[in-house]
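Hello,

Here is the structure I promised to pass on to you. Have a look at it first, and then read my notes below.

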Amino acid sequence: MIAALARFFARLAALFRARRLDHAVEDDLAAHVDLMADDLVAGGMEPSAARREARLRLGNVASAVDAHRTARSFGWLDDAWRDVGYAVRTLGRAPGFTSAAVATLALGIGGVTLMYSVIHHVLVAPFPYRDAERIVRVFVAFGDSGMRPDVTADEFLDFQEQSDVFEGAVAADDDSAHLLGEGLAERVEIVRGTPEMFRYLGVQPERGRHFGPPDAEPHAPPVAVLNHRTWTALFGGDPEVVGRTIRLDGEPRTIIGVMPPRFEWHDADFWLPAAAPRRTSPGTADSNRVGQFYARLRPGVTVEAARERLNAVLQRRVTASPQEYPRPNTRAEVRALIDDTVFDFRAVLYQLFSAVGLLLFIACGNVANMLLARATARERETAVRAALGATRWRLVRQLFVESLALAFGGVVCGALLASVGIGIVQGWMANLEVPAEARLRLDLPVLMFATSAGLLATLFFGLYPALHGARRDLVAGATSSSRSSTASRRHHRLRGSLVVVEVALSLVLVTGAGLFVRSFLNRTDFELGFDHRKIFMTGFAFPPGPQFDGQREVFYRETLDRVARIPGVDAVAIVSTIPPFGYGQTSPVTLPGTANDGQTRALLQFCSEGLPYTLGLRVTAGRGLSAADVAGARTVALVNETLVRQYFGRENPLGRLVRIDKLPAPTTAAEPLFEVVGVVQDAANSGIRQPADPEIYVPHTLSSAGNRRLLVRSSINPARLTVAVRESVRAVNSTVALNRPGPLQAQVESSWPVSNGERFRIVVLAGFAMTGLGLLSFGVYGVIAYTVSQQTREFAIRLALGGERRHVASQVFRTTFWLVGTGALIGLGVCLATGRVLASQLYETSPRDPITFAAALGVIVLTGAVACAVPARRAMRVEPAIALRHDE
Amino acid sequence: MGQKLDLLQGTLDLMVLQTLASLGSQHGYGIARRVEQVSGHEVLLNQGTIYASLVRLQQRRWIKAEWGTSENNRRARFYSLTKSGEKALEARTANWERVTAVMARVLRQRREEDR
């Protein structure tokens, strides 16, 4: 065994020292000749004759060296090197063929590699935490699908103390806070974590230290750990940040450390330590919450086992204090961390992966086709090689090595393509339902996948042509024009069926993409009544404390004035509810003097006078609110058309009074009676696809209850307004922060029903489908063009005998139609059979949507027609005299 | 040159080993000459094949090679047995003797039947 190994390594080493060893044996042989010649001379021979005799007796030196080489090496590996060299030279001599095949493969392999990278880095290994695959989330579930996201401190402790399934646990409580620092006023996300949080996650800080149990002691100095992203964005990456003191919600805290990039635990800007003390007096589950519970399972403990054990713990608690668990069917739930983050996006990724798999198949089909065509063209070469004594196995291997060389090129170029794609997709990731920690990379597992994809692809596209190409009838191949041989006809049928398969796969791909595009269009097909794309929106975050009580109206007024002066800003307004969503205050309204059953309600919009102009809504009757109305907090109102239609009918609402029965306090209105001074166009106000509700616009100065937001309409891209608006606000008051500033469009698009995951799927799927179509047209073109070139003589004869050119062309079209039609039928069948799996993910779209199917079919048929147009033209232009003379 | 004796696979290796065992360190030509002499010139080698055998044996670490100078001052590689080569020779010789004994018995039996 050991000896065998030693031999193996010696041979392996010899492989790389081939040159040197050849020299060594040559030296040996030279010495041999010299020594023998010496002997012969000593025996009385002439020196020159002696050398000749010596060489003669030594025998064939070349064959000795060869025997030597065989003895020291793996013969087949040596041959394989030679095959590779030969393959590279052969492929290099056909640069057109080679680059087309490599590019085709690169598209397929690049696509699957990209998708694999996404799946690997989003679903399999997204987290930078220690043993992240064993981290689970534990929560209390009740009823059929109810859940309480947070656990109490007692549950947190009991789950750990009364079970043996965990290696460690942490509770994290999400919150937001008002950050004040040197020149800083920001709304930030904070997480209060149990003291062991960082140790549990197993990540070391990049600067300073993270917190531990002493920092959560009752009188410990308050500390905070900073997110790398926030460090860069808010502190400009200041290396002196550790040790600085900031105020979070008014409380001074010292920054003790900065975490490395990619540490995004709960997407916090700051992590704060918090103890989890047991409750001393009984209470409800609402008191004493410590946040969401995460734990690392011991190795070998399954999620199911953990669920069972924790549920036993929880049931003991339920029995002990039923008042804390009033809901039926209360139980403990355990879920893997990744399942807690990704949800539906997993299905999207798997779908895209199958789609790109189809793409790779199509690419393989194309390359197989090209190889078969080439095999036919190389019949003579193969036949000659076979006649010279190459074994069939040797020929198969030779062809297969060529395929491998192509695949290698495909893998390299595919990896390059994938890295480009990864850069693009990573840019989209921020908006997707994926862990914030996920980073797409072209790392070792992904490259290994690409390589295996390449090898697998080689089996698909290379094996059959290789086996087939080597099965040659020597005489027929070497002597005759190959066109009449049965083998060619077999090739031809095979190439035809490859096209059929490609058409079927493409149809599946295009139909799938089409269905999702249609579903997407159905989702995005909404009319808000105003142009939301030009609007910038932000909320405000005020520092805690009484300093703004009663002062906010002044702040809003100054802010409006300043923001209005920003270049490019057309109109500004303060609102209490964001126009299309309408999660605002509603109130019963009554119209004095009209018969009213008390069922009338309206959405209240506390706004400044600029609102109709900012949204671009026309005032259809009367006047809008005036600056004086707002400044004086006059009890005047605008109403929308729906309110007029529903509550006033055909009567003129202008000048009428409306009573807002539940005007939110504190209010400056003595009596909630408002005079209607104008009517405003309807705009969406209760959801993106919902009809407008009755709405009443009143001066925001009338009530100081609730939050206000700033809307800005500008002629410049609203995404670029944040900085200017922040400066204006800071100039008014340096302690007020912006709350979620950004384009209104982003808010609209991220809200139901248009998710970013959906957008991602559409874009990627459409990309794959387009690539698939491109490959398909290429494949159809290849086959038809080849058919035409094979039939040139036939066409020429027909033309010479008086056949019409258009008949020739129509025959080409018929061939194409036959192939594409068969493929389309099969593809259609597959779509119909498998459509059901998509049904749940399509929005108001049937998985058998006839329009989509018709469009997909049209696209495929058109692709086929375009692909065969050029060969058909060539067939029509055959010149009988020339074609027949040139044919052998 | 007469009828050449066909060598069974592996027998040349064994001869080379035995030659090195009796001569000690020796160059390729010396080995070839010795094999021819000892076999009473019944084994007529294509002498080049000696080198294939030498490489095989080297790979098995049964022999080692080093540059040296022959009696008449020629530079040549000298081959010699290693420890494991000695053991291998012993084992192979025993094996060979058993095989030949068996072969001899079997063949004698056939001759008797023929009679």
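Helix H18 of chain A, residues 552-564, lies across strands E13, E14 and E22 of the same chain. Its direction is at about 165 degrees to that of E14(A). Please keep in mind that this is a predicted model.

The sheet under that helix is worth tracing by eye. It is an open sheet of four strands in chain A, in the order E14-E22-E13-E23, with antiparallel pairing. At its edges you will find E14 (569-575) and E23 (737-743) of chain A, each of which pairs on one side only. From one strand to the next, the twist averages 20 degrees.

Inside this sheet, E13 (residues 535-541) and E22 (residues 709-714) of chain A run antiparallel and are joined by five bridges. If you want a spot to start from, find A:Phe536, which stands opposite A:Val712 in E22(A). A further helix of chain A, H22 (residues 722-732), also packs on the sheet, where it touches E13, E22 and E23. The direction of H22(A) makes about 155 degrees with that of E23(A).

Chain B has a sheet for you to look at as well. It is open, with three strands in the order E1-E3-E2, and the pairing is antiparallel. Strands E1 (26-27) and E2 (63-69) of chain B are at the edges; each has a single partner strand, so one side of each has no neighbour in the sheet. Seven bridges link E2(B) with E3(B), residues 75-81, in the antiparallel sense. Along this pair, B:Glu66 stands opposite B:Phe78 in E3(B). Helix H1 of chain B (residues 11-23) packs on this sheet and touches E1, E2 and E3 of chain B. Its direction makes about 95 degrees with that of E3(B).

One residue in chain A also caught my eye. Is A:Asp629 buried or exposed? With a relative accessible area of 0%, it falls under the 20% cut-off and therefore counts as buried. A:Asp629 sits in helix H20(A), residues 627-631. Its side chain makes a polar contact with the side chain of A:Arg623, at 2.8 Å. Leaving aside neighbours within four places in sequence, A:Asp629 is in contact with A:Arg623, A:Gly624, A:Arg634, A:Val636 and A:Pro699.

Enjoy looking around, and do write back with any questions.

Best wishes

Terms used. Residues are numbered from 1 along each chain as its sequence is written. Chains are lettered from A and ligands numbered from 1 in the order in which they are written. This is a predicted model: local features need pLDDT of at least 70, side-chain atom pairs count only at pLDDT 80 or more; totals for chains, interfaces and linings use all residues. Side-chain values use heavy atoms; hydrogens and water are left out. Helices (H or I, at least four residues) and strands (E, at least two) are DSSP runs, numbered from the N terminus. Buried means under 20% relative accessible area, exposed over 50%, partly exposed in between (1.4 Å probe, protein chains only). A polar contact is a pair of N or O atoms within 3.5 Å; within protein, one must be able to donate a hydrogen and the other to accept it, and residues adjacent in sequence count only if both atoms are side-chain atoms. Contact means heavy atoms within 4.5 Å. Two strands pair if DSSP finds at least two bridges between them. Axes are lines fitted to C-alpha atoms, for helices over the stretch in contact, and angles run from 0 to 180 degrees between N-to-C directions.
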